[in-house]
Structures are given as structure tokens and as C-alpha cells.
Amino acid sequence: NEAINLLAMDLGASSGRVMLGVYDGESIHVEEIHRFANQPVQAGGHLYWDVLRIFHEMKQGIRKAAKAQGSLTALSVDTWGVDYGFIDSQGQLLYSPHHYRDQRTADSAGILDSLLPPEEQFRLTGNQSARINTVYQLFADLRISPWLRETADKMLMMPDLFHYLFSGVGVAEQTIWSTSGLLAAGETGPSLEVLNKLGLPVELIPALVPAGTVIGSVLPALQEELGIGPIKVIAGASHDTASAVASIPYISKADAAFISCGTWSLVGMETEQPVITDLAREYGFTNESCYGSSNRLLKNITGLWILQETQRGWAEAGEPVSHHEAAMLAQSVHRTAYAAPVIDPNDDLFSTPGDMPGRIEAYCTRTGQTPPRTKAEIILTILNSLAFSYAETVKELEALSGQIIRRIHMVGGGIQNVLLCQLTADATGKEIVAGPVEASAIGNIAVQLTALGAVQKAEVRDLVARSCTLSSYYPAL
Ligand code: ADP
Ligand code: LRH
């Protein structure tokens, strides 16, 4: 049997990567072909994604992959949640999509809440009300730029937008739309009640398709530009978290939780149905669609973003600290008797770009704790606080599900920080199984294989387990 070559375009909020997945009938071999920084651009007081540059980088990745591997069967894009762009009736992208951390929602969020209170949003959509959600952004956009009602033909969530740029076909893929705050809970269509109450036009939303749909092929002009043959375009589990969770090699699913550790930390478990109870809302949980039919009950925790922003500040001050160095520094102070203060990563202070060490100091002063002083202490404070918030969230998951969680699967780039994995084992008192690092990319590829009929849905997790190395961490005695 000939190997199948697939490309996963995996876009996190901090970096993008084009990964080649080669499936030989037994396992998937994943190779990084191209990696690029995904840096938002501040312009005119707003924060945007540089989507055309990202598209350019993806094309570079295709060129490199085609050169290395020859024929490519399909590609699929997965990205962070909630963001989108508009296209007009001629199919033109209207402007650079905003970043979810852009502040244009500030003025209208209160109005939205008075029309549709957070409790109602949760009841109708299963999504936790959060200012970054698509619903808040779209509501703000239509107030700031009413002309969009005439000019915008469709809104395309970020992966839908890239699939459109590749294939000319604009669809709405279920998993990414399940982050929007616009879909009816547990269903596959928009919530008309939400749209009507907020005066949002349903016509903007393209037809929804399930994760794992072949939507078309790379446009002929693009094939020519890149010197490649036909490549199928697949709407996979196009939300990066859905792809990451699709890849989790559960040893036993019912008593497991997951933590997807990247720019964000997504802590949750899979359930059969959305969990829409007062307690789930009060704890701050949200419900999103998984690949297949299950529901993802999870909390979005501001994660390694706080460390990334800290590192950005140090680099700008001419004192760069790499990810590896950051992990080593934290290790060095963890070995001492230093008692790190605890911050709440989801405090508003840490949600926007800026001086994180200064904000950590302000948080500590506000809460009567001694602020960390050295770089090593600052990093350990962040990692330790993340581990504490994971532990608290896992306890909440146990309370919501009535299930004792025995094992936590950690996936994503953050698990390369072995101290974070160990601190999580210590804080939760649970066994941690870490891997895969490139969970979103491998999940993306596995879903493409099912869309192509090469692998059965039920085989995906075994296939991933055969294809990657896992590490275990146990709580310190
Ligand atoms: P995203 O998909 O959101 O862009 P990733 O899954 O790529 O995020 O994870 C990025 C995070 O992983 C970084 O913020 C960093 O903290 C951590 N990380 C990446 N490489 C390493 C490394 N070599 N050692 C320790 N941590 C790392
Ligand atoms: C993580 C993520 C997360 C949220 C956030 C906006 O990359 O997709 O699940 O949706 O980005």
C-alpha cells in the first residue's frame, strides 16, 4: 500500500506550523515542515491578525512539503477559536480580521448583556459568556461598522477563511463554530433566539458542515502558482482544541480529564451531552463540539500566554529568555525553599498584552502576598499558579460529573516544560500522561484520514498512541 501524505496547517495564537503527516497504514509519522511566528499587529489603536502573511507562510509550507515529499493528498487548517473575517458578495476579504484581545468590544459588551444576559447565553448556546467570544465581537462590529450589514456577504471563522482562500469554498465547520456563542447548544445550527435578540443577521453564517468533510480542492491558479498537483481541502476538526482532544490517547476515557497546554490552557473532559447547569456556569465552564458526537466540557484558562508576554517584555528590554531557559530558571528556584505567591491566571489583569511582571506585582500587592523579584521567581510563580488553577478546575470537573478523575492527559507545546507537568501532578495529586506535544497537528491529520476513508473514527486514538511517545508524571509523595 502506498503511503498517504497529508498537510496539517496548525495555527496557534503564538505560532503557526505546517506539519507533514505520512500514514503508512500502521502509524502516522509527523514532521514539521515550516514554522512561523504568528504575531498580531497593532494598528490605529486596534489589534489584528496578519491573515495574508499567515496564508503566505502556509503556501511556503506547501512548496517545501511538495519538494520533500512529492505528491500530497490533502490539507486541512486548524486554528484558535472565536475569530473570523468577512467576505463580500464578490468573495473578497473585507479587512484584516481582529484579534480576540482587541478592545473594540468594551463599549458594547454591557449592551449585549442587557439584551441577552450571560446566564441566557449559557442556557441557549452552552458557551460561557466571555468578551472574546465571536458573539461579542460580531455585535460590536455591526454597531461600529453598520455598513457591514450591506457589504458583508458571509463571515468565515479563521479556519473556514483559510479553507476558503485555498479552495474558493466557504463553509462553517461545526467545531470552530462551537466556540462562537452563536450556535444552539448541542445542535448543529445557529441559535435563532440569540441572533434575533441581538439583531444579528443569520444570512452571514454559511452552511454548517461536520468535522471531517472534504469541501473541495486547492484552486487551479494556486496549484499552478505552487507548482503542485490537485490537493483536497478538508474541513477537519478545525478548532485547534478539537483537533488536540481528538488525538488524546486515553487509557480509559470515562475517568480521564485533559489539559491542552499552549497559549491557553484548556482543562476539561468529554461528556455525552452539554452540561448546562447553574454550577457549571458559576464555575466558568463552557461546552464545545468534539470531533464525532461528544461534547467537550472545559474551562479556558489564560495559560502560558502570561509567560509568553513576560518573555516578550524581557526580549524587548534586550534580555531575552528562551522557553528552555525559562523552564530551567523555574526549576532552579523550585529546588529552593522559595514559596511562590499564587495568582489567578483568569484575572482580567492578565488578559491583554502588556507588562506582566508589573501586573503580577500589582496582583500580589492587592492580595497581600510578597511579589516575586527575580526572573526565576516570576516564572515559577506563573507555572505554579497555572498548576493550582488546573487542580481547582479538575476538582470542579469531579463535582460536575460525579466522576473521580484518575488520570490527566496533558498535550500541546507547554508539556515540553517538564516542571509544569510535575507541578500539575503535585497540585492535582493525579497521574499525568503527557503527549503528544503536537496534539493539534496529529489530531488534524487523523481526522483527515477518517474523512478520506483510510481510517475508521473509532481507530483514531489507538493510531495516535502507536504514533507518539508518552511520558508519565506522578505526584511527589
Ligand atoms: P499555541 O498552539 O497556542 O501557539 P503551543 O502548543 O505551540 O501554543 O505551545 C506554546 C508554549 O509551549 C509556549 O508558550 C511555551 O511556554 C511552551 N514551550 C514551547 N517550547 C518549549 C520548550 N522547548 N520548553 C519549554 N516550554 C516550551
Ligand atoms: C486555544 C483556543 C481555545 C480558545 C482560544 C481563543 O488555541 O482555541 O480553545 O478557543 O484559542
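Begin by selecting A326, L329, A330, S332, V333 and H334 in α13 together with K375, A376, E377, I379, L380 and L383 in α15, which meet one another (contact here puts the C-beta atoms, placed from the backbone, within 7 Å). The residues of this contact divide into 8 nonpolar, 2 polar and 2 charged, where Ala, Val, Leu, Ile, Met, Phe, Trp, Tyr, Cys and Pro count as nonpolar, Asp, Glu, Lys and Arg as charged, and the others, Gly among them, as polar.

This is a predicted model, in which local features need pLDDT of at least 70 and side-chain atom pairs count only at pLDDT 80 or more, while totals for chains, interfaces and linings use all residues. Residues are numbered from 1 along each chain as its sequence is written, and chains are lettered from A and ligands numbered from 1 in the order in which they are written.

Now show the two helices whole: α13 (residues 323–334) packs against α15 at an angle of about 90°, with the axes 8 Å apart. The axes are lines fitted to C-alpha atoms over the stretch in contact, and angles run from 0 to 180 degrees between N-to-C directions. The helices α13 and α15 are therefore roughly perpendicular to each other, a term that covers 65 to 115 degrees.

Follow α15 (residues 375–401) along its 27 residues, and its first and last C-alpha prove to be 39 Å apart, close to the 39 Å expected at 1.5 Å a residue (the expected span being 1.5 Å times one less than the number of residues). Helices (H or I, at least four residues) and strands (E, at least two) are DSSP runs, numbered from the N terminus. Just after α15, G402 takes a positive phi of about 70°.

Return to α13 and bring up ligand 1, since α13 gives 3 residues, the largest share, to the shell around that ligand. Of the 17 residues that surround ligand 1, the closest are G12, G262, T263, H323 and G413, nearness requiring a C-beta atom, placed from the backbone, within 6 Å. The shell around ligand 1 holds 4 nonpolar, 13 polar and no charged residues.

Ligand 2 comes next: its shell has 15 residues, of which W80, G81, T179, T241 and W264 come nearest. Both α10 (240–246) and β14 (264–271) supply at least two residues of this shell, which divides into 6 nonpolar, 8 polar and 1 charged.

For the last stops, select V82, which has a positive phi of about 70° although it is not a glycine, in the loop between β6 (74–79) and β7 (84–87). Then centre on G435 and P436, joined by a cis peptide bond with omega about 0°; P436 lies in the loop between β18 (431–434) and α17 (439–451).

Key. Parallel < 35°, antiparallel > 145°, perpendicular 65-115°, else oblique. Contact = placed C-beta atoms within 7 Å.
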